[in-house]
Amino acid sequence: MSVTQVDIVAGKAAYSVLDNHQFIVLWQTLHKACPHATAFQAPNFVRKWYEAYRTQWQPVVVQAQNSDGDLVGLWLLAHNQITGVITHAGAHQAEYHSWLALPSEDVSFLSSAWAALTRRFTFETLRFKYLPATVLGSMLQTALGAKSGGVVVSKHKRPILNIGPDDIKASFAKKSNKSRFNRLKRLGKLEFRRLTNSVELERVLDELIVHYDFRQGAANQSIPFQEDPEKRKFHSSLFSSAPNNVYVTVTYLNDHPIAAFWGAVSGQTVHLGMLIYSPLFARHSPGKLHIMQLSEHLLKDGKNVLDLTPGGDLWKERFSNAHDEVAEAIVYRSKWTRIQAGTHDRLFQWGKWCASKVGIAPANVRSILAILSNIQPSTVTRKIKNWISIDYESRIYRGGETLAGSHHFDRRVRCNSLSDLLSFDPGESWQPRDEFLHNALERLERGELAYTISIDGRLAHCSWVAKNQANFYMPEVKQSMPLPSGSTIFYGFYSHPDFSDQDLYRATIGHILFESFTDEETKYAYISVLADNLSSRHVIETEDFEYQGSFFLVRRFGAERKWASSLLTHS
């Protein structure tokens, strides 16, 4: 059969088709027969995505049947009626975009489907990110090159982990990995498990979401679940409807999740969706250990490939033992649309080139733009004044164990609450959220402690504690001082301006003092404050911290001079 006509069903009518049992059976049959089908074109994934995102996207079902009523082609798309955008079912939730067709019908179906699609909808482009095989890019060019404004195909290297018993055995035999497992086991009961029912998932899902959003916010300037209110519902529904098609594994320490994997199953291949691990256990490499155990579990389960998916992440390269190629494709509706897009891309590349010439890495451009978008004239004025003239004095204070006796545990204060840190709302234009989260991630992975108070779902106050420090660095004056054994540093204080009148700074310091000196190794608590911060000085001094001395920095028209006063001798 050569496809000459296709049917398009959209909106409410499409939901009726998608819920029709006979249609689902035909869909499943075609999915099995299509050599380039993945989990992201299967009925369970697509139907659950349409359901979760029905307020944003209406389903568009493009289909072709033969004379016997069997499906020979199926293209599952989504239309945003507000923006006019057409995308594949799953959008960014689907790692691979494709159509389904019998091998002999691919080109004919694509050609007829595109003609019908452009007659029915007005849109500029249709993006495939990613096509699961590079040959599909060539197929698109053959089928649509003359019918559209052009098809641009780019190839991407895909890291994969071919799962074999020898590699797994060698990985578990490494002394460093054995040591990591043993260190975790000394902390409590360590368990790796694949989740098989919704009850298990719901027990840990919210905690895993916080871990995932926190790391994504710190590394990629995006908080996926927080920014997409439908994302949790979609994942939960997807798993509950067909847990065998979703691969979810969790590493538990004392029954709390410290690492997890979320993937989609395509035959003997499992595609990476999310690798999640807690920053609080970073020194033990929980993500790496989880992948090791996952590989062993996949092998026993008859899976032979872990698709780490394209994207260029360094950690994926460390885990992979092979590579292949996938394709990204953009189909343009008209030649004019392609010309416009090409001009935009050239300007973007020129901008990246300019940024590189002044020492700005491409990955930092987004952060810089976020800062610039929030800058107020007063901020610029302050920066200029600080360059012309500045006089900083950083005063150093020290407290001993006797200070802890006058304080108690404060129920408002939480230690290492990632959800509190995620609720950070910039109170000043100079500190965007991604920079705050990035710094927080680095500090937590170094083993430092975050003490937070959250009010009405917003981070009201945050303080940091670094234990057993040999040096105290003060960034304001660009100097450091050596510390005696058993020293703990209180630093990095942040209070949102909306809660500045609630004395949260004093409450947190009292709580930290009480907790810090429960550790027998802690002998001293150090804290610094700029001399002109009178409110903070008042709190520190009335809490009976002892003044030790000061560090100074003076700047005149960019030129700096630094020195320190004579510090008191440490006892």
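# Salt bridges, cores and a surface patch

E448 is a buried residue, with a relative accessible area of 9%. I start there; keep in mind that this is a predicted model. Which residue does the side chain of E448 meet in a salt bridge? The partner is R446, and the N to O distance is 3.1 Å. R446, in contrast, counts as exposed, at 52% relative accessibility. So this pair joins a buried acid, at 9%, to a base that is over the 50% cut-off for exposed.

Now the overall picture. The protein has 571 residues, and 51% of them count as buried. There are 19 helices and 23 strands. The C-alpha trace spans about 95 × 55 × 40 Å along its principal axes. The accessible surface comes to about 27700 Å², and carbon and sulfur atoms account for 51% of that. On contacts, take those with a separation of 6 or more: 74% of them are between residues 24 or more positions apart.

Back to charges. Side chains of opposite charge can pair when their charged atoms come close. How many salt bridges does the structure hold? The count is 29.

One of these is between R194 and D301, with the closest N and O atoms 3.2 Å apart. R194 sits in strand β8, residues 190-194, while D301 is in the loop between α11 (286-300) and β12 (305-307). The pair therefore ties together parts that are 107 residues apart in sequence. Is R194 buried or exposed? R194 is buried, with a relative accessible area of 15%. D301 counts as partly exposed, at 37% relative accessibility.

Another salt bridge links E393 and R395, where the closest N and O atoms are 3.5 Å apart. E393 is partly exposed at 22% relative accessibility, and R395 is buried at 14%. The cut-off for buried is under 20%, so these two residues fall on opposite sides of it. E393 and R395 also belong to a network of salt bridges that takes in R537 and E541.

Next, the nonpolar interior. The largest nonpolar core has 51 residues. Which of its members touch the most other members? They are W27, W49, Y50, L74, L76 and L195. Helix α8, residues 198-220, supplies the largest share of this core, with 6 residues. Apart from this core lies another, of 32 residues, which includes V6, I8, L110 and F123.

W49 is worth a slide of its own. Leaving out residues up to four places away in sequence, W49 touches W57, A78, H88, A89, G90, A91, Q93 and F234.

Last, the outside. Which residues form a nonpolar patch on the surface, with about 430 Å² of accessible area together? I384, W387, I388 and F557 do. Within that group, W387 is found in helix α15, which covers residues 377-388. W387 is partly exposed, with a relative accessible area of 48%. That is over the 30% a residue needs to enter a patch, so W387 can be a member without counting as exposed.

To recap, there are 29 salt bridges, among them the R194 and D301 pair. The largest nonpolar core holds 51 residues, and the other core I mentioned holds 32. On the surface, W387 shares a nonpolar patch with I384, I388 and F557.

Key. Residues are numbered from 1 along each chain as its sequence is written. This is a predicted model: local features need pLDDT of at least 70, side-chain atom pairs count only at pLDDT 80 or more; totals for chains, interfaces and linings use all residues. Side-chain values use heavy atoms; hydrogens and water are left out. Patches are made of residues with over 30% relative accessible area and no salt bridge: like charges are joined within 9 Å, nonpolar side chains (Val, Leu, Ile, Met, Phe, Trp, Tyr) within 5 Å. Accessible areas come from the Shrake-Rupley method with a 1.4 Å probe; for residues, only the protein chains shown count as cover. A salt bridge is a side-chain nitrogen of Lys or Arg within 4 Å of a carboxyl oxygen of Asp or Glu. Helices (H or I, at least four residues) and strands (E, at least two) are DSSP runs, numbered from the N terminus. Buried means under 20% relative accessible area, exposed over 50%, partly exposed in between (1.4 Å probe, protein chains only). A nonpolar core is a set of buried Ala, Val, Leu, Ile, Met, Phe, Trp, Tyr and Cys residues joined through side-chain atoms within 4.5 Å. Contact means heavy atoms within 4.5 Å.
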